[in-house]
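Grab a pencil and work through these exercises with the model open beside you. Each one sets a task and then walks through the solution.

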There are 2 protein chains.
Amino acid sequence: MTLAEHIREKGLKATPVRLLVLELLQNNQQAYSHTEMEAAFTEVDRITLYRVLRDFEEAGMVHKIMDIEGITRFAVCKHSCPDSTHSEDHVHFNCQVCHKMYCLEMVTTPAVKLPAGFRPTGINTLIHGVCKHCG
Amino acid sequence: MTLAEHIREKGLKATPVRLLVLELLQNNQQAYSHTEMEAAFTEVDRITLYRVLRDFEEAGMVHKIMDIEGITRFAVCKHSCPDSTHSEDHVHFNCQVCHKMYCLEMVTTPAVKLPAGFRPTGINTLIHGVCKHCG
DNA sequence: AAGTAAATGCAACCGTGTTGCATTTAATTT
DNA sequence: AAATTAAATGCAACACGGTTGCATTTACTT
């Protein structure tokens with residue numbers, strides 16, 4: 001399936017900006033911030049970029065994560081998340097040298113025992129350290 | 001040890017704003033956002049509040065955490081963190097009903113196996129769900 | 001090729017957080 | 001207890017991330 005077909009499948013129009021964003025996220029197994037993407041596509045309007053990312057997230061195509069510094073980042077959903085309520089069952093790794101955020105799809109979040117009365121609906125595990133390229 | 005003594009021990013002056021903030025964080029086992037504290041102490045200048053929180057964090061008296069929505073929150077460090085490099089070895093719980101953030105000091109973050117080349121320096125586990133007061 | 005709903009681009013705005021600087025105040029010294 | 005001084009405060013002004021409204025354009029439909 002082409003990128004354009006993937007976008008249309010979700011009920012969205014395959015516009016140039018959307019193709020650019022999806023291609024970037026698909027080709028690099030990393031979570032990008034809005035600022036990084038804005039720098040990557042200088043000709044793209046920043047508001048449009050915000051809306052493209054919001055639409056992709058609502059369509060369940062990407063997921064949003066916060067890195068250690070509280071910066072919002074986006075990464076493609078691998079295992080076709082159920083729209084908008086995608087359960088992110090994998091671990092994220094934030095390199096403190098290059099600041100890249102990796103989705104470690106193969107590492108699932110371990111279960112934790114909570115005190116009585118706390119009912120969990122989702123777990124977010126964010127590991128920081130030095131990545132394989134910087135260590 | 002009094003609150004004022006605790007503050008002076010860290011090389012900071014025991015001022016009214018600092019006493020207010022430390023008292024709030026000490027008495028309630030929750031992580032408060034800047035906005036919540038601003039609302040709690042209407043007479044306190046917001047810039048002063050930012051600086052008090054920054055100073056407390058640098059002194060290792062409180063630790064900073066991001067909640068699900070990317071809001072910065074502060075909680076007292078229980079086990080006397082080594083200044084500024086405090087290892088947060090406990091789990092945080094973010095209630096999606098009342099939006100309170102709990103430090104579950106008794107629940108330590110489970111270890112995870114990372115792919116070769118990734119060297120971890122810290123783990124952050126954030127669980128969201130419904131807390132004991134809202135469930 | 002024309003029609004239409006969706007997507008874009010721009011202006012203007014809000015919230016969070018920071019910096020510089022003059023003033024005040026907590027702790028120290030006499 | 002008064003004077004000293006370095007630290008803390010309060011204010012203005014700013015930078016940045018993100019949102020909303022509206023007119024224009026464009027992708028898909030017929």
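**Exercise 1. Trace the open sheet of six strands and find which strands stand at its edges.**

Step 1. In this predicted model, the strand order reads E5(A)-E4(A)-E6(A)-E6(B)-E4(B)-E5(B), and the pairing is mixed. Strands (E, at least two residues) and helices (H or I, at least four) are DSSP runs numbered from the N terminus, and two strands pair if DSSP finds at least two bridges between them.

Step 2. Look at the ends of that order: E5 (101-108) of chain A and E5 (101-108) of chain B each have a single partner strand, so one side of each is left without a neighbour in the sheet.

Step 3. Check the twist: on average, neighbouring strands here are turned by 30° against each other, direction ignored. Axes for this are lines fitted to C-alpha atoms (for helices, over the stretch in contact), with angles from 0 to 180 degrees between N-to-C directions.

A note on bookkeeping: residues are numbered from 1 along each chain as its sequence is written, while chains are lettered from A and ligands numbered from 1 in the order in which they are written. As for confidence, local features need pLDDT of at least 70 and side-chain atom pairs count only at pLDDT 80 or more, whereas totals for chains, interfaces and linings use all residues.

**Exercise 2. Work out in which sense E6(A) pairs with E6(B), and in which sense with E4(A).**

Step 1. Start where the chains meet: E6(A) and E6(B) are antiparallel, joined by 11 bridges. One bridge to look up is A:Ile127 with B:Ile123.

Step 2. Now stay inside chain A. E4 (residues 90-95) and E6 (residues 119-130) run parallel and share four bridges. On these strands, A:Asn94 sits opposite A:His128.

**Exercise 3. Describe the side of chain B that touches chain A.**

Step 1. Count the residues: chain B and chain A each put 31 into the contact, where two residues touch if their C-beta atoms, placed from the backbone, lie within 7 Å.

Step 2. On the chain B side, E4, E5 and E6 each give two or more residues. E6(B) gives the most, with 12.

Step 3. Sort by class: 17 are nonpolar, 11 polar and three charged. Here Ala, Val, Leu, Ile, Met, Phe, Trp, Tyr, Cys and Pro count as nonpolar, Asp, Glu, Lys and Arg as charged, and the others, Gly among them, as polar.

**Exercise 4. Find the partners of strand E3 of chain A.**

Step 1. E1(A), residues 32-33, pairs with E3(A), residues 72-76, in the antiparallel sense over two bridges. A:Tyr32 faces A:Phe74 there.

Step 2. E2(A), residues 62-66, is also antiparallel to E3(A), over five bridges; A:His63 has A:Ala75 as its bridge partner.

Step 3. E2(A) and E3(A) make a hairpin with five residues between them, and A:Gly70 in the turn has a positive phi of about 80°.

**Exercise 5. Say which residues lie closest to each DNA strand, and which helix gives the most.**

Step 1. Around DNA strand D there are 21 residues, the closest being A:Ala14, B:Thr15, B:Val17, B:Asp45 and B:Thr48. "Near" means that the C-beta atom, placed from the backbone, lies within 6 Å. H4(B) gives the most, with four residues.

Step 2. DNA strand C is surrounded by 21 residues, with A:Thr15, A:Val17, A:Asp45, A:Thr48 and B:Ala14 closest. H4(A) gives the most there, with four residues.
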